[in-house]
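Here's a quick walk through this model, from its overall layout down to a helix and a few strands. Have the structure open as you read.

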Amino acid sequence: MAILNLKEAAVNGKVSQGSVLINTPPLVRSGKKNDYMVGQFLSPDDSYEFKIWEEDIFSIVRANGTGIYDVEVIGADFNGFYFTVKKIEPSHDKNISKHDFLPSIPRDYINNQWRETVKRLSSKGVSDTCWGIVQEVITDPELENRFTVEGAAVFYHDNKIGGLVNHTTKMLNILASLLDNNRELRECSDLLAFSITVHDIGKVFEYQDLAPSEFWYANHRVRGIEFLAKYKEKIIDLYDETFYRQVQSVISGHHGDFGDRPTSVAAGIVHYIDTLESQTTSLIEAVNTAKTDRIRYADWGFLEPLPIGKFKPIPEDSPEALESYFIDQK
Ligand SMILES: [Fe+2]
Ligand SMILES: [Fe+2]
């Protein structure tokens, strides 16, 4: 069976057949009458929610776990878009693999963004010593090059191949703006840049190809601190023990109220940068995947999307453009 083009299939009432990837274990929830299953299909464009209402159908997924399935689905729209699964069975097609389904961020884009960010931060005080240790840590053989490959999340934001380094780079860019706004932070620019780079590095161990790894429950904050311990002497030699302990506090406290509470100002700042970056990205992802005019988002219910492409363009020589030109000149 051919891979199902989920983007084309995602139309209310449309019936489609094809192969899909269920990459993370779906949940069984209690409904008004019966239990039902909720999960995600992953495709190179995005992830799409599916629901299975009949127990004899979702028991097939329960028995076989995550993997590639051949399905028949119908698009449905009730409090947001999802697919209702009518038929499902494990795929036996040897010509398709999990990697045909995983969304990814183009490598050139990631490399360019990283280079630009390093340049930007260097001009605001981040030292070559810092970039040296950053380079050494992110290319550590134990990470198997997966810092630039793994996703930043299984759901929610940057859940794509390359998502972890993309999320980290965007946070470093927010730091660059903070170093402009709050000049007194520049004295600690190495500490903040290094801490941001490693704050989620443990996700390399928490996830595997955008799915929870075998030992996901020892979360990325724990695994990040454990991984970095091998650089303890080196970091203390380059800086001092305060620097090393502050980095540890950032890794452990960067989830704010959703984990160990921050115990240093650095952890508090990185937590706010992390929240701003991940929430902005997930709002934009919600807009990009919305099937209707409004988007449903987290605890806030329906949101009106940004009016992208909805403003009337003003021709350059129109009376309005001339008027605004003269107003601007005043
Ligand atoms: Fe995190
Ligand atoms: Fe993060």
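## Two domains

The protein splits into domain 1 (6–100) and domain 2 (107–286). Keep in mind that this is a predicted model. How far apart are the centres of domain 1 and domain 2, taken over C-alpha atoms? The separation comes to 33 Å. Where the two meet, 6 residues of domain 1 are in contact with 6 residues of domain 2. On the domain 1 side, the residues touching domain 2 sort into 1 nonpolar, 4 polar and 1 charged.

Stepping back to the whole protein, the C-alpha trace spans about 65 × 60 × 40 Å along its principal axes. There are 12 helices and 10 strands in the protein. Out of 330 residues, 32% are buried. As for contacts with a separation of 6 or more, 55% of them link residues 24 or more positions apart.

## A covered helix

Now have a look at helix α6, which runs over residues 189–199. Is α6 mostly covered or mostly open? Mostly covered: 11 of its 11 residues are buried. To follow the helix by eye, start at Ser189, Asp190 and Leu191, which are among the buried residues. Leu192, Ala193, Phe194 and Ser195 are buried too, and so are Ile196, Thr197, Val198 and His199.

Which helices cover the buried residues of α6? Among them are α3 (107–122), α4 (128–138) and α5 (163–181). The cover also includes α8 (220–228), α10 (241–253) and α11 (265–289).

## Strands around β4

Over to the strands, with β4 (residues 47–52) as the one to hold on to. Strand β3 (residues 35–42) runs antiparallel to β4, and a hairpin of 4 residues joins β3 to β4. With strand β6 (residues 81–90), β4 pairs in the parallel sense. Here are the two pairings next to each other:

| Strand pair | Sense | Bridges | Residues standing opposite |
|---|---|---|---|
| β3 and β4 | antiparallel | 6 bridges | Phenylalanine 41 and tyrosine 48 |
| β4 and β6 | parallel | 2 bridges | Lysine 51 and threonine 84 |

If you want a spot to zoom in on, tyrosine 48 in β4 has phenylalanine 41 opposite. For the parallel pairing, go to lysine 51, which stands opposite threonine 84 in β6. While you're there, in a regular strand the side chains alternate between the two faces of the sheet.

Notes. Residues are numbered from 1 along each chain as its sequence is written. Chains are lettered from A and ligands numbered from 1 in the order in which they are written. This is a predicted model: local features need pLDDT of at least 70, side-chain atom pairs count only at pLDDT 80 or more; totals for chains, interfaces and linings use all residues. A residue is buried if 20 or more other C-beta atoms lie within 10 Å of its own, exposed if 12 or fewer, and partly exposed in between; C-beta atoms are placed from the backbone. Two residues are in contact if their C-beta atoms, placed from the backbone, lie within 7 Å. Domain bounds come from an automatic or database domain assignment. Ala, Val, Leu, Ile, Met, Phe, Trp, Tyr, Cys and Pro count as nonpolar, Asp, Glu, Lys and Arg as charged, and the others, Gly among them, as polar. Two strands pair if DSSP finds at least two bridges between them.
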